[in-house]
Amino acid sequence: MGERFLKLIMDILSQPAVLVALISLIGLLLQKKPASEVIKGTTKSFLGFLVIAAGANILVGALDPFGKMFQEAFHVNGVVPNNEAIVAMALTKYGSATALIMFFGMIANILVARFTPLKYIFLTGHHTLYMACMFAIILVVSGLKGAGLIIVGAIALGLTMAIFPAMCQPFMRKIVGNDNVGFGHFSSLGYILAGLVGKVVGKGSRSTEKINFPKGLGFLRDSSVTIALTMTILYLVIALFAGPSYVEKELSNGTHYLVFSVIQAVTFAAGVFVILSGVRLVLAEIVPAFKGISTRLVPNSKPALDCPIVFPYAPNAVLIGFFCSFLGGIVGMAILGWAGAVIILPGVVPHFFTGATAGVFGNATGGIRGATIGSFANGLLITFLPVFLLPVLGDLGFANTTFSDSDFAGTGIILGNIADSFGSVGVTLFVTAVLVIAVLFGLRKKSRNENEKISA
């Protein structure tokens, strides 16, 4: 019974659509909206995230054969970063700890947002699950168990869910044009790097969305057309290298390998189109609904949403970011091979989602140059960081997959090395210290605001 209940909680909280619908429902009820508006807002928020998830599934399905063709074409083997794969393996051993850390971590996130300056409520449920799982692995390896494991893991998760959105917010204000929405996707280190690179290299560079096409190529101003045509070229090139025999026997079920490649490329473009539609639907509903929570429960808080939330603001940067991040992954793989280190293969799915987002961040601060060089830097980062994460994951460090996004690696490397050096006591003290600092900053800010009101 207990395990079934934990599974129910984990399944509810790990689904962004369900989580966002619940938040919308609570927010609208707190605002005492009429029943018709509550039903409409909750349903549209739910629907919007399901549309985003459907688009993401279309993308992943189209990218899977691309990744297989790439490995066949260039005969490379190594560790393939994939969050879903490593978490699926880990949950067989750490499932209960992960579920409890996730549940109490989400409560900790709300408390952190309520009592510290980190006013972000993280709503990307599947990433919360992945981070909870990684904390469970590292803390168990460090020697923590029982209530101590859950408490330290939950506090660490709650802090992580608020700190990374806070770090991304200066860039989000620039991308979105307001301060209403936060960013909740655990590859923030790569996006921040892209934004900073954009600042350095992008002076005078025009936005990716202002690329001038000749009149005869005016149709390329439509991002869906651009993505479809560009991906078609890329798929065809990789298919030619992989060869008709492999593609038709292993992937296309007998369909001509060039026809199959074109279909997958345009399917990819369709996935992007679906995602953009879902994002617009969610933004129209979640921000007004969240006002109830922001006003009543956690004053001045913001919803931190998944990475596709920024795609509509720079669709050209999405495509540029994917290409350049994937190129960075290939260069990073070559460097690791030359250095004799563990080879991290460029996972097409993580490079699309993190690279596309890095492209948007880089474009916001540095136009075309920022999008190009910033997303390339992201590709290098998510290739090199997993190498240093593998040793702290215990037995799972020897698996042929690992966590793919930069924040998992960054936090895992820090906590894992503290655990290696100082054991469970060191990890507990570190997490406690970060919490105390956050609370003290919150008290200081509250005191300063009260003094300003008195003097006014």
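1. Let me start with helix 3 and helix 9, whose crossing is right-handed. Please keep in mind throughout that this is a predicted model. The two axes come within 11 Å of each other and cross at roughly 140°. That angle makes helix 3 oblique to helix 9, because angles over 145 degrees would be needed to count as roughly antiparallel.

2. If you would like to find this crossing on screen, helix 9 covers residues 244-251. From helix 3, the contact uses P65, K68, M69 and E72; from helix 9, it uses Y246, V247 and L251. By class, the contact of helix 3 with helix 9 holds 5 nonpolar and 2 charged residues, with no polar ones.

3. Helix 5 and helix 6 make another pair to look at. Helix 5 runs over residues 125-142 and helix 6 over residues 146-176. They pack at an angle of about 140°, and their axes lie 10 Å apart. Helix 5 is therefore oblique to helix 6, and the crossing of these two helices is right-handed.

4. Which residues of helix 5 and helix 6 make the contact? Helix 5 brings T128, M131, A132, F135, A136, L139 and V140, while helix 6 answers with L149, V152, G153, A156, L157, T160 and M161. The contact of helix 5 with helix 6 counts 11 nonpolar and 3 polar residues, and no charged ones.

5. A third pair is helix 7, residues 188-201, with helix 12. Their axes come within 9 Å and cross at roughly 140°, which means that helix 7 is oblique to helix 12. The contact of helix 7 with helix 12 divides into 12 nonpolar, 12 polar and 2 charged residues.

6. Now for the open space. The largest pocket has a volume of about 1,100 Å³. It is lined by 44 residues, and those closest to its centre are V60, E84, Y130, V349 and F353. Sorted by class, the lining of the largest pocket has 26 nonpolar, 13 polar and 5 charged residues.

7. Where does that lining come from? Helix 3 (35-74) and helix 5, both met above, each supply at least two residues to the largest pocket. So much is also true of helix 2 (16-30), strand 1 (80-81), helix 4 (83-115) and helix 12 (348-389). Helix 3 gives the most, with 13 residues of the lining of the largest pocket.

8. Finally, the enclosed space. How many cavities of 30 Å³ or more does the structure hold? There is 1, and the volume of the largest cavity is about 40 Å³. Its lining is made by P81, L345, P346, G347, P350, H351, I382, T383 and S404.

9. Helix 12 comes up again here: the largest share of the lining of the largest cavity, 4 residues, belongs to this helix. By class, the lining of the largest cavity has 5 nonpolar and 4 polar residues, and no charged ones.

Technical notes: Residues are numbered from 1 along each chain as its sequence is written. This is a predicted model: local features need pLDDT of at least 70, side-chain atom pairs count only at pLDDT 80 or more; totals for chains, interfaces and linings use all residues. Side-chain values use heavy atoms; hydrogens and water are left out. Axes are lines fitted to C-alpha atoms, for helices over the stretch in contact, and angles run from 0 to 180 degrees between N-to-C directions. Angles under 35 degrees count as roughly parallel, over 145 as roughly antiparallel, 65 to 115 as roughly perpendicular and the rest as oblique. A crossing is left-handed if the near helix is turned anticlockwise from the far one by less than a right angle, and right-handed if clockwise. Contact means heavy atoms within 4.5 Å. Ala, Val, Leu, Ile, Met, Phe, Trp, Tyr, Cys and Pro count as nonpolar, Asp, Glu, Lys and Arg as charged, and the others, Gly among them, as polar. On a 1 Å grid over the protein atoms alone, a cavity is a set of points where a 1.4 Å probe fits but cannot get out, and a pocket is an open set with protein on both sides within 12 Å along at least five of seven lines; lining residues have an atom within 4 Å of a point. Grid points are joined across faces, edges and corners, and a volume is the space filled by probe spheres set on the points.
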